Amino acid sequence: MWIMAPNLQITLSDALKKYFKTQDKIKSAYLAQIFNGLKNKPPHPIIGIEVSDEFDRIQKECGNIINKFLQNDEFIDCIPLGEDEISEYMKKQMEPFYKK
């Protein structure tokens, strides 16, 4: 498995930042690209969201924004930041693209 910064259009991150600013429960968000050699999926972007509550609602609303920027075969994972390995990597090794 590896994680790195993705090559996404700036317009997607701008749209997400605009949405995040309207959500009091979102503390920060990280954008990365992930590849897991054990799964049959190509490398793809992943967004880690540090949120105090209501992640399911926020994930759904982010999905509505993200889908406007994706091609038919593209996808982006959204995960809540917690204590898992991916979350710890994002928080310690990356700069958030959004921070309240």
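1. Start of α3. In this predicted model, Asp84 has a side-chain oxygen that comes to within 3.2 Å of the backbone nitrogen of Ile86, right at the start of α3. Worth having that pair on screen while you go through the next point.

2. The two sides of α3. The helix runs over residues 85-93, and Ile86, Ser87 and Met90 are its buried residues to look at. These three sit on the same side of α3, because the arc they cover around the axis is only 100°. Turn to the other side and you find Glu85, Lys92 and Gln93, which are exposed.

3. The largest nonpolar core. This one counts 20 residues, and the most contacts inside it belong to Leu16, Phe20, Ile47, Ile49, Cys62 and Ile66. Two or more residues each come from α1 (10-21), β2 (26-35), β3 and α2. The top contributor is α2, with 5 residues.

4. Cys62 up close. Leaving aside residues up to four places away in sequence, Cys62 touches Leu16, Tyr19, Phe20, Ile49 and Cys78. Leu16, Phe20 and Ile49 also appear with Cys62 among the residues with the most contacts inside the largest core.

5. A separate core. Apart from the largest core there is another, made of 9 residues, including Ala32, Ile46, Ile79 and Ile86. Ile86 takes us back to α3, where this residue is one of those buried.

6. Glu54. Have a look at the loop between β3 (44-51) and α2 (55-66), which is where Glu54 is found. Its phi is near 65°, a positive value in a residue other than glycine. Glu54 is partly exposed, at a relative accessible area of 32%.

Key
Residues are numbered from 1 along each chain as its sequence is written. This is a predicted model: local features need pLDDT of at least 70, side-chain atom pairs count only at pLDDT 80 or more; totals for chains, interfaces and linings use all residues. Side-chain values use heavy atoms; hydrogens and water are left out. Buried means under 20% relative accessible area, exposed over 50%, partly exposed in between (1.4 Å probe, protein chains only). Helices (H or I, at least four residues) and strands (E, at least two) are DSSP runs, numbered from the N terminus. The arc is that of the directions from the helix axis to the C-beta atoms. A polar contact is a pair of N or O atoms within 3.5 Å; within protein, one must be able to donate a hydrogen and the other to accept it, and residues adjacent in sequence count only if both atoms are side-chain atoms. A nonpolar core is a set of buried Ala, Val, Leu, Ile, Met, Phe, Trp, Tyr and Cys residues joined through side-chain atoms within 4.5 Å. Contact means heavy atoms within 4.5 Å.
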